[in-house]
Amino acid sequence: MSSALAVAALISGGRHPVSGAPRACRGDAVAMALGRRIAGDALRVVHAGTEQESSLQDYLALGADTIEVMPLDKNGDAVAALASHLKNVDLILTGTRAEFGAGSGMLPYALARALARPVIANVLEARVQRTAGDGWDAEIRQFLPKGQRRRVACALPLVIAVHPLAPVELKYAYARRVSGRIERCQEPATIGLHVMQQPSWTVETASRRPVRLKARETKSAHARMQAAVVAEAKGGVVAFEGTTVDKAQVMLNYLREHRLVDF
Amino acid sequence: MNATTYFAIGISGAVQHLQGIKGCRHVIAINRDGGAPIVKRADLTVIGDAEELMQALITRVSQARNQGEVPEVER
């Protein structure tokens, strides 16, 4: 391990949820900002894929000085390519999931496995300290549901997936967007093309089924109670006609019929 | 309530009341109003004035007892 700390943030292109316009992926921008807090200007910002310039330039505006782009074709294995490219990096930061494409959120785990390093997900804050030896130690605050947080300590090298709610300030500066550089590194793309690792997915257009609308029932509580009570009742015999004596006979007949009286 | 037979005399059948007599096996209603909710619940409804009908029933029952009538219904 080198004595200087090497930190890299992985970025992907994002899409605006409504217009679909290319932009920076927020989760990755947060990871990059966290990386800049740890490593400052020494942070390496790496993108593997065929993302358009405009969305990568957003990352320049958000604080990256240089973006290393590893051109990959559509079926290229980003994990293997990144693993070979980031072998000597102590701390790798990723977002939790991409905003479009497969977006499986598996990249940090797959990358950690390829590099045989531990992975920590849902990271909110990270601090790196030098240990007594020549190594580095990371102290990490992890997101848990319902407002809970967990503090984790781990030795570097390490892969961490940053939670989108990590408390960082994203500052957009147009001057940085103009002055930043996007460098293409010509790594041999064939190195990590593991066809077997590619998920055997087929892509097809979603067929949209008509949704049957249901009218909302606006009944009072009394009406609902009534329905619940009366629904079970079938309604019995009704004696409308006849004199009072006849009706009394009807009642007596009913009682006799059901053996409710013994005379 | 959990009665075998329930006489609803002059009971219109409010929701709470119907809920209360849910467990009754036989409900016999006497009511002036043929459209009252109790009519749907009752196994036998007699339309008419409650007081007159009860008097008639009492008369008829005591008559039947005294004469030792054999019910027409087969046992």
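Here is a short conversation about a predicted model of two chains, A and B.

Reader: Let's begin with chain B. Which pattern does chain B follow along the sequence?

Author: Happy to start there. Chain B contains three helices and three strands. Of its 75 residues, 41% count as buried. Read from start to end, the elements of chain B follow the pattern β-α-β-α-β-α.

Reader: And how much of the contact set in chain B, at a separation of 6 or more, comes from residues 24 or more positions apart?

Author: The set to look at is the contacts in chain B with a separation of 6 or more. Within that set, the share from residues 24 or more positions apart is 15%.

Reader: What about the start of the chain: is Met1(B) buried or exposed?

Author: Met1(B) sits in the segment before strand 1 of chain B. Leaving out residues up to four places away in sequence, Met1(B) touches Tyr6(B), Gly20(B), Ile21(B), Gly23(B) and Cys24(B). Even with those contacts, the relative accessible area of Met1(B) is 57%, over the 50% cut-off, so Met1(B) is exposed.

Reader: What separates the C-alpha atoms of Met1(B) and Ile21(B)?

Author: Ile21(B) is among the residues that Met1(B) touches. The two are 20 residues apart along the chain, and their C-alpha atoms are separated by 5.4 Å.

Reader: Now the interface. How much area do chain B and chain A bury between them?

Author: The size of an interface is often given as the accessible area lost when the parts come together. Here, 35 residues of chain B are in contact with 31 residues of chain A. Carbon and sulfur atoms carry 70% of the buried area, and the total is about 3,100 Å².

Reader: How many residue pairs are in polar contact across the interface of chain B and chain A?

Author: Salt bridges across this interface come to zero. For polar contacts, with both residues at pLDDT 80 or more, the number of residue pairs is eight.

Reader: Which element of chain B gives the most to the side that touches chain A?

Author: Several elements take part: strand 1 (5-9), helix 1 (15-20), strand 2 (26-31), helix 2 (37-41), strand 3 (44-47) and helix 3 (50-67) each supply at least two residues. By class, that side of chain B has 18 nonpolar, seven polar and ten charged residues. The top contributor, with eight residues, is helix 3 of chain B.

Reader: Turning to chain A, which side chain joins Asp28(A) in a polar contact of 2.5 Å?

Author: Asp28(A) lies in helix 1 (residues 26-39) of chain A. Asp28(A) is buried yet has no salt bridge, and the nearest side chain of opposite charge, Arg97(A), is 10 Å away. Beyond four places in sequence, the contacts of Asp28(A) include Leu10(A), Tyr59(A) and Thr94(A). The polar contact of 2.5 Å is with the side chain of Ser12(A).

Reader: Arg117(A) also caught my eye. Which side chain of opposite charge is nearest to Arg117(A)?

Author: Arg117(A) is in the loop between helix 4 (107-115) and strand 7 (119-130) of chain A. Among its contacts beyond four places in sequence are Leu86(A), Val89(A), Ala112(A) and Pro157(A). Arg117(A) is buried yet has no salt bridge; at 6.0 Å, the nearest side chain of opposite charge is Asp90(A).

Reader: Is Glu68(A), the partner of Arg44(A) in a salt bridge, buried or exposed?

Author: The side chains of Arg44(A) and Glu68(A) meet with N and O 3.0 Å apart. Arg44(A) is in strand 4 (residues 44-48) and Glu68(A) in strand 5 (residues 66-70), 24 residues apart. Arg44(A) counts as partly exposed at 28% relative accessibility. Glu68(A) has 15%, under the 20% cut-off, so Glu68(A) is buried.

Reader: Last one: which residues are linked with Arg151(A) in a network of salt bridges?

Author: The side chains of Arg151(A) and Glu139(A) meet in a salt bridge of 3.3 Å, N to O. This pair links strand 9 (residues 149-155) with strand 8 of chain A, twelve residues apart. Arg151(A) counts as exposed at 52%, whereas Glu139(A) counts as partly exposed at 23%. The residues linked with Arg151(A) in the network are Arg127(A) and Glu139(A).

Key: Residues numbered from 1 in each chain as written. Chains lettered and ligands numbered in written order. Heavy atoms only, no water. Helix = DSSP H or I, 4+ residues; strand = E, 2+ residues; numbered from the N terminus. Buried < 20%, exposed > 50% of the residue type's maximum accessible area, 1.4 Å probe, protein only. Lys, Arg positive; Asp, Glu negative; His and termini not counted. Salt bridge = Lys/Arg side-chain N within 4 Å of Asp/Glu carboxyl O. Polar contact = N/O pair within 3.5 Å; in protein donor to acceptor, adjacent residues only side chain to side chain. Contact = heavy atoms within 4.5 Å. Buried area = accessible area lost by both parts, 1.4 Å probe. Nonpolar A, V, L, I, M, F, W, Y, C, P; charged D, E, K, R; others polar.
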